[in-house]
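Work through the three exercises below with the sequence and the coordinates open beside you. Each task sentence is followed by a solution that proceeds step by step.

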Protein chains: 2
Amino acid sequence: MSTAAITVPVTVADHENCPATSVLRRVGDKWSVVILSVLAQRAYGFNELDRSVEGLSRRMLTRTLRALEEDGLISRTLHPSVPPRVDYALTDLGRSFLEPVRALGLWALAHRSDLEATRTCDS
Amino acid sequence: MSTAAITVPVTVADHENCPATSVLRRVGDKWSVVILSVLAQRAYGFNELDRSVEGLSRRMLTRTLRALEEDGLISRTLHPSVPPRVDYALTDLGRSFLEPVRALGLWALAHRSDLEATRTCDS
DNA sequence: CTGTATCCAGAGGGATACTG
DNA sequence: CAGTATCCCTCTGGATACAG
């Protein structure tokens, strides 16, 4: 974490094959971080998630949840009750993932005046 | 950076207006981080950058450089010589930006086995 | 409640050719 | 050298309707 070190991906074709790249793209997609942030509070059911995140379509909710599950960032637990209930929750990996993501969010907040996109955004 | 704290964006419509969101999208786009990483070494000229990043088109190079410049992450310096020479370099803001980005990259590297996308990626 | 399937519009991004 | 302008194709993501 010092000043220099790490020559970073750079000059890439592996760009595609690099695990860092896929992680960055995941962070950049529209809903992943929002969903992970919601799940950071507690486990949620499907519709509950749908209602909690304004503007998120059921289609993208499904797709994003599947992607996050494949990455091992969240877990999906089916409770075969009537009606059926599914719980989505962060895994340990997901929790650890949120740390660097939050660092990035904090950076953005700390430098929002420098970034000139100074629209007010609470908390 | 403790365990809890920070309730994060969550349940959003401001999602769009939040500075953190735009930063995450920037991180997620295809070339920004690669270009910033290259510039972390030293200043580069336009064609020099083009040649250094395999697979990057001149069109996207221009667009990405403009975007990064507007964000204040890089500087563009025109030297009116013959032939003309332009230098792109990281700003202090750009350098500070790379810190959390690298943290994310290091996380990805550290957990690449957990992420199951275990294609070999050196450095 | 928890999804899947279809359709469709818009953004992202590559190839190529041209300009100061 | 340092770009701009077009064309075009793919991927993302929203709307809507249907299913277990």
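**Exercise 1.** Describe how the protein meets DNA strand C in this predicted model, starting from the polar contacts of the side chains with the strand.

*Solution.* Begin with chain B, where a polar side-chain atom of B:Lys30 is placed 3.1 Å from a phosphate oxygen of DNA strand C. In chain A, a phosphate oxygen of the strand likewise has a polar side-chain atom of A:Tyr88 at 2.8 Å, whereas the side chain of A:Arg58 brings an N or O atom to 2.5 Å from a base oxygen. Next, assign the surface to elements: those giving two or more residues are α3 (46–52), α4 and β2 (85–90) of chain A, together with α4 (58–70) of chain B. The most is given by α4(A), with four residues.

Then widen the view to the 19 residues that surround the strand, among which A:Arg58, A:Thr62, A:Arg76, A:Tyr88 and B:Arg59 are the closest. By class, the surface consists of nine charged, seven nonpolar and three polar residues. Finally, turn to the DNA side, where sugar or phosphate accounts for 62% of the strand's atoms within 4 Å of the protein, the rest belonging to bases.

**Exercise 2.** Determine how α2(A) and α4(A) are oriented to each other, and locate A:Thr64 in their contact.

*Solution.* The axes of α2 (residues 32–39) and α4 in chain A come within 10 Å and cross at roughly 75°. Because this angle falls in the range of 65 to 115 degrees, α2(A) is roughly perpendicular to α4(A). From α2(A), the residues A:Ser32, A:Ile35 and A:Leu36 meet A:Leu61, A:Thr64, A:Leu65 and A:Leu68 of α4(A), a set with five nonpolar, two polar and no charged residues.

A:Thr64 itself, a residue of α4 (residues 58–70), contacts A:Trp31, A:Ser32 and A:Ile35 once its neighbours within four places in sequence are left aside. Its relative accessible area is 7%, so A:Thr64 is buried.

**Exercise 3.** Is B:Thr91 buried or exposed, and which residues does it touch beyond four places in sequence?

*Solution.* First place B:Thr91 in the loop between β2 (85–90) and α5 (92–110) of chain B. Its relative accessibility is 19%, and because the limit for buried is under 20%, B:Thr91 counts as buried. Beyond four places in sequence, B:Thr91 touches B:Gly72, B:Leu73, B:Ile74 and B:Ser75; B:Gly72 is 19 residues away in sequence, with a C-alpha to C-alpha separation of 7.0 Å. Lastly, the side chain of B:Thr91 reaches the backbone nitrogen of B:Gly94 at 3.0 Å.

Technical notes:
Residues are numbered from 1 along each chain as its sequence is written. Chains are lettered from A and ligands numbered from 1 in the order in which they are written. This is a predicted model: local features need pLDDT of at least 70, side-chain atom pairs count only at pLDDT 80 or more; totals for chains, interfaces and linings use all residues. Side-chain values use heavy atoms; hydrogens and water are left out. Buried means under 20% relative accessible area, exposed over 50%, partly exposed in between (1.4 Å probe, protein chains only). Contact means heavy atoms within 4.5 Å. A residue is near a molecule or strand if one of its heavy atoms lies within 4 Å of it. A polar contact is a pair of N or O atoms within 3.5 Å; within protein, one must be able to donate a hydrogen and the other to accept it, and residues adjacent in sequence count only if both atoms are side-chain atoms. Ala, Val, Leu, Ile, Met, Phe, Trp, Tyr, Cys and Pro count as nonpolar, Asp, Glu, Lys and Arg as charged, and the others, Gly among them, as polar. Axes are lines fitted to C-alpha atoms, for helices over the stretch in contact, and angles run from 0 to 180 degrees between N-to-C directions. Angles under 35 degrees count as roughly parallel, over 145 as roughly antiparallel, 65 to 115 as roughly perpendicular and the rest as oblique.
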